[in-house]
Each structure stands twice: as C-alpha cells, then as structure tokens.
Amino acid sequence: MPARFQVRSVLTDPDSTKVDYWQVVDTHLNDDVIASYHDCEAAERQAEKLNRDSESD
C-alpha cells in the first residue's frame, strides 16, 4: 500500500520544466495539501515524519 502522505511537484507554468514548489498531500483525504515547500528534501522529511506518526496511531 502506498504511503498516506506523499510529495508532489507543482509547476505553475505549463511550458516550464522547473518545479516551482513541492507539496505534501494526504492521499486518504483526496490529496488535501498539508504543507508546501520550496525544498524537495524538506517536503520529503515532513512526509516521512507524518507517515511515521500516522502508523503509530
């Protein structure tokens, strides 16, 4: 089963290849955005933390 909290990239300009920012989304709540980051690694760390916390509930 995929992780509940996942990171996705967001491009605001469809002709651009540069990612504008990263979002942590909750796949159990129709991909509700939990947080946005300009740093991919920070977004990944937050998603990992949220997944660990949700597994311990």
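**A walk through the strands and the helix**

Let's start with strand 2 and strand 3 (residues 32-37): five bridges hold this pair together, and the two strands are antiparallel. Keep in mind that what you are looking at is a predicted model. Between strand 2 and strand 3 sits a hairpin with five residues separating the strands, and N30 there has a positive phi near 55 degrees. For one pairing to look up, find W22, whose bridge partner in strand 3 is Y37.

Now step over to the other partner of strand 2. Strand 2 covers residues 21-26, and six bridges connect it to strand 1, again in an antiparallel arrangement. You can spot this pairing at V10, which lies opposite Y21 of strand 2.

With the strands in view, the overall plan is easy to follow. The protein has three strands and one helix, and reading from the N terminus the order is β-β-β-α. The C-alpha trace spans about 40 × 20 × 20 Å along its principal axes.

So where do the nonpolar side chains gather? The largest nonpolar core has five residues: F5, V24, A43, A47 and L50. Helix 1 (residues 40-56) gives the largest share of this core, with three residues. As a general point, nonpolar side chains in soluble globular proteins tend to be buried together. A47 is a handy place to look: setting aside neighbours within four places in sequence, A47 contacts F5, V7 and V24.

Next, have a look at R8, which belongs to strand 1 (residues 5-10). Is R8 buried, exposed or partly exposed? Its relative accessibility is 32%, so R8 counts as partly exposed, because that label covers values between the 20% and 50% cut-offs. R8 has plenty to touch: beyond residues up to four places away in sequence, its contacts are Y21, W22, Q23, V25, D31 and V33. With Q23 there is a polar contact, side chain to side chain, at 2.9 Å. R8 also lets you gauge a distance to E44: the two are 36 residues apart in sequence, yet their C-alpha atoms are 9.5 Å apart in space.

Finally, zoom out to the whole chain. Of the protein's 57 residues, 21% count as buried. About 4200 Å² of the protein is exposed, and carbon and sulfur atoms supply 46% of that area. As for contacts with a separation of 6 or more, 20% of them are between residues 24 or more positions apart.

Key. Residues numbered from 1 in each chain as written. Predicted model: local features only at pLDDT ≥ 70, side-chain atom pairs only at ≥ 80, totals over all residues. Heavy atoms only, no water. Core = buried A, V, L, I, M, F, W, Y, C linked by side-chain atoms within 4.5 Å. Buried < 20%, exposed > 50% of the residue type's maximum accessible area, 1.4 Å probe, protein only. Helix = DSSP H or I, 4+ residues; strand = E, 2+ residues; numbered from the N terminus. Contact = heavy atoms within 4.5 Å. Polar contact = N/O pair within 3.5 Å; in protein donor to acceptor, adjacent residues only side chain to side chain. Pairing = 2+ DSSP bridges. Areas by Shrake-Rupley, 256 points an atom, 1.4 Å probe, with all protein chains shown as cover.
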